[in-house]
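Colleague: I'm new to this one and would like a walk through it. Can we put it on the screen and take it bit by bit?

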Amino acid sequence: MNKDQELIDEFVRVSEYPDVIVIFVGDITWSGHEPSMKWVPLVALSPDTPPHKVQQQAASVIQRKRYFAVCKECSQRNPVGWMSSVTLCQSCAEEQGAVF
Ligand SMILES: [Zn+2]
(Lines give C-alpha, C1' and ligand atoms only; values in the text may rest on other atoms or scores of the structure.)
Protein backbone atom coordinates (compact mmCIF):
# COMPACT_ATOMS: atom_id res chain seq x y z
CA MET A 1 0.00 0.00 0.00
CA ASN A 2 1.43 3.36 -0.90
CA LYS A 3 1.59 6.40 1.30
CA ASP A 4 -1.18 8.26 -0.50
CA GLN A 5 -3.55 5.33 0.00
CA GLU A 6 -2.70 5.30 3.70
CA LEU A 7 -3.50 9.00 3.88
CA ILE A 8 -6.82 8.44 2.17
CA ASP A 9 -7.66 5.58 4.53
CA GLU A 10 -6.76 7.60 7.59
CA PHE A 11 -7.87 11.11 6.73
CA VAL A 12 -10.72 10.79 4.27
CA ARG A 13 -14.19 9.53 5.15
CA VAL A 14 -17.21 9.04 2.94
CA SER A 15 -20.65 9.17 4.52
CA GLU A 16 -23.78 8.30 2.61
CA TYR A 17 -27.02 9.94 3.63
CA PRO A 18 -30.44 9.42 2.05
CA ASP A 19 -30.16 12.54 -0.10
CA VAL A 20 -26.46 13.28 -0.28
CA ILE A 21 -23.00 11.68 -0.18
CA VAL A 22 -20.51 13.74 1.80
CA ILE A 23 -16.73 13.41 1.70
CA PHE A 24 -15.00 14.53 4.89
CA VAL A 25 -11.36 15.38 5.46
CA GLY A 26 -9.63 15.02 8.82
CA ASP A 27 -8.28 18.44 9.77
CA ILE A 28 -5.57 18.26 12.40
CA THR A 29 -5.26 21.05 14.91
CA TRP A 30 -2.96 21.31 17.88
CA SER A 31 -3.82 22.48 21.32
CA GLY A 32 -0.51 22.56 23.11
CA HIS A 33 1.18 19.24 22.31
CA GLU A 34 -2.02 17.31 21.74
CA PRO A 35 -3.19 16.87 18.17
CA SER A 36 -6.88 16.58 17.61
CA MET A 37 -8.65 15.74 14.40
CA LYS A 38 -11.88 17.28 13.30
CA TRP A 39 -13.88 15.92 10.37
CA VAL A 40 -14.64 18.71 7.94
CA PRO A 41 -17.23 18.19 5.20
CA LEU A 42 -15.50 18.98 1.93
CA VAL A 43 -17.43 17.59 -1.01
CA ALA A 44 -21.15 16.92 -1.42
CA LEU A 45 -22.22 14.51 -4.14
CA SER A 46 -25.58 13.41 -5.45
CA PRO A 47 -26.68 10.09 -3.88
CA ASP A 48 -26.80 8.48 -7.32
CA THR A 49 -23.09 9.17 -7.97
CA PRO A 50 -21.47 5.90 -9.11
CA PRO A 51 -19.16 4.38 -6.45
CA HIS A 52 -16.03 4.71 -8.58
CA LYS A 53 -16.71 8.44 -8.99
CA VAL A 54 -17.11 8.76 -5.24
CA GLN A 55 -13.77 6.98 -4.77
CA GLN A 56 -12.15 9.32 -7.31
CA GLN A 57 -13.42 12.34 -5.42
CA ALA A 58 -12.29 10.87 -2.11
CA ALA A 59 -8.82 10.18 -3.52
CA SER A 60 -8.54 13.72 -4.87
CA VAL A 61 -9.04 15.18 -1.40
CA ILE A 62 -5.40 14.57 -0.53
CA GLN A 63 -4.38 16.83 -3.44
CA ARG A 64 -5.89 19.79 -1.62
CA LYS A 65 -3.15 22.08 -0.41
CA ARG A 66 -5.29 23.42 2.38
CA TYR A 67 -5.13 20.00 4.07
CA PHE A 68 -2.11 18.16 2.66
CA ALA A 69 1.38 19.21 1.67
CA VAL A 70 4.34 17.48 0.05
CA CYS A 71 7.65 17.70 1.88
CA LYS A 72 10.41 19.08 -0.35
CA GLU A 73 13.05 16.91 1.36
CA CYS A 74 11.50 13.43 1.36
CA SER A 75 8.69 14.01 -1.17
CA GLN A 76 6.18 12.42 1.19
CA ARG A 77 2.71 13.85 1.35
CA ASN A 78 1.53 14.69 4.86
CA PRO A 79 -1.44 16.30 6.49
CA VAL A 80 -0.72 20.02 6.86
CA GLY A 81 -1.16 19.62 10.62
CA TRP A 82 1.87 17.32 10.63
CA MET A 83 4.12 19.57 8.62
CA SER A 84 6.81 21.48 10.44
CA SER A 85 6.58 24.25 7.88
CA VAL A 86 4.87 24.73 4.55
CA THR A 87 7.55 22.70 2.75
CA LEU A 88 9.10 20.50 5.45
CA CYS A 89 7.61 17.55 7.31
CA GLN A 90 8.25 17.09 11.00
CA SER A 91 10.64 14.14 10.64
CA CYS A 92 12.82 16.00 8.12
CA ALA A 93 12.72 19.07 10.33
CA GLU A 94 13.92 16.97 13.26
CA GLU A 95 16.74 15.49 11.17
CA GLN A 96 17.84 19.00 10.33
CA GLY A 97 17.76 19.96 13.97
CA ALA A 98 14.60 21.99 13.50
CA VAL A 99 16.55 25.20 12.97
CA PHE A 100 14.53 27.97 11.39
ZN1 LIG B 1 10.12 15.15 4.86
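Colleague: Among contacts between residues at least 6 apart in sequence, what share joins residues at least 24 apart?
Modeller: Keep in mind that this is a predicted model. Take the contacts in the protein chain whose partners sit at least 6 apart in sequence, and look for those with partners at least 24 apart. That share comes to 35%.

Colleague: What order do the helices and strands follow along the sequence?
Modeller: The protein chain has three helices and five strands. Their C-alpha atoms, with the rest of the chain's, fill a box of roughly 50 × 30 × 20 Å along the principal axes. Read along the sequence, the pattern is α-β-β-β-α-β-β-α.

Colleague: How much of the accessible surface belongs to carbon and sulfur atoms?
Modeller: Of the 100 residues in the protein chain, 33% count as buried. The accessible surface of the chain comes to about 6500 Å². The part belonging to carbon and sulfur atoms is 52%.

Colleague: What is the arrangement of the donor atoms around the zinc ion?
Modeller: The protein donors are the SG atoms of Cys71, Cys74, Cys89 and Cys92, lying 2.3 Å from the zinc ion. The four donor atoms subtend angles of 105 to 114°. Four donors pass as tetrahedral if all angles lie between 85 and 135 degrees. That's why the arrangement here is tetrahedral.

Colleague: How far apart in sequence are the parts that Cys74 and Cys92 tie together?
Modeller: The donor residues of the zinc ion are spaced C-x2-C-x14-C-x2-C in sequence. Cys74 lies in the loop between β4 and β5, while Cys92 is in helix α3 (residues 90-95), so the pair ties together parts that are 18 residues apart.

Colleague: And of Cys74 and Cys92, which is buried and which is partly exposed?
Modeller: Buried means under 20% relative accessible area. Cys92 has 10%, so the buried one is Cys92. Cys74 has 33%, so the partly exposed one is Cys74.

Colleague: Now the charged pairs. How many residues apart in sequence are the parts joined by Asp4 and Arg77?
Modeller: A search of the whole structure finds three salt bridges. In one of them, the side chains of Asp4 and Arg77 meet at 3.3 Å, N to O. Asp4 lies in helix α1 (residues 3-11) and Arg77 in strand β5 (residues 77-79), so the parts tied together are 73 residues apart in sequence.

Colleague: Is Arg77 buried or exposed?
Modeller: Its partner Asp4 is partly exposed, at 27% relative accessibility. Arg77 has a relative accessible area of 15%, so Arg77 counts as buried.

Colleague: Which residue forms a salt bridge with Asp27, and where does that partner lie?
Modeller: Asp27 is buried, with a relative accessible area of 12%. The closest N and O atoms of the pair are 3.3 Å apart, and the partner is Arg66. Asp27 belongs to strand β2 (residues 21-31), so the pair ties together parts 39 residues apart in sequence, with Arg66 in the loop between α2 (51-60) and β4 (68-70).

Colleague: Glu73 and Lys72 make a salt bridge too. Which of them counts as exposed?
Modeller: The two side chains meet at 3.6 Å, N to O. Glu73, at 44% relative accessibility, counts as partly exposed. At 55%, the exposed residue is Lys72.

Colleague: Which backbone oxygen lies 3.4 Å from a polar side-chain atom of Asn78?
Modeller: Asn78 sits in strand β5 and is buried at 9% relative accessibility. Not counting residues up to four places away in sequence, Asn78 touches several others, including Leu7, Phe68 and Cys89. The backbone oxygen in question belongs to Gln76.

Colleague: And which backbone oxygen does the Thr49 side chain reach?
Modeller: Thr49 lies in the loop between β3 and α2 and counts as buried at 18% relative accessibility. Leaving aside neighbours within four places in sequence, Thr49 is in contact with Ile21 and Val54. At 2.5 Å, the side chain of Thr49 reaches the backbone oxygen of Ser46.

Key
Residues numbered from 1 in each chain as written. Predicted model: local features only at pLDDT ≥ 70, side-chain atom pairs only at ≥ 80, totals over all residues. Heavy atoms only, no water. Salt bridge = Lys/Arg side-chain N within 4 Å of Asp/Glu carboxyl O. Helix = DSSP H or I, 4+ residues; strand = E, 2+ residues; numbered from the N terminus. Buried < 20%, exposed > 50% of the residue type's maximum accessible area, 1.4 Å probe, protein only. Donors = N, O, S within 2.8 Å, 3.2 Å for Na, K, Ca; no water. Tetrahedral: all angles 85-135°; square planar, octahedral: opposite > 155°, others 65-115°. Polar contact = N/O pair within 3.5 Å; in protein donor to acceptor, adjacent residues only side chain to side chain. Contact = heavy atoms within 4.5 Å. Areas by Shrake-Rupley, 256 points an atom, 1.4 Å probe, with all protein chains shown as cover.
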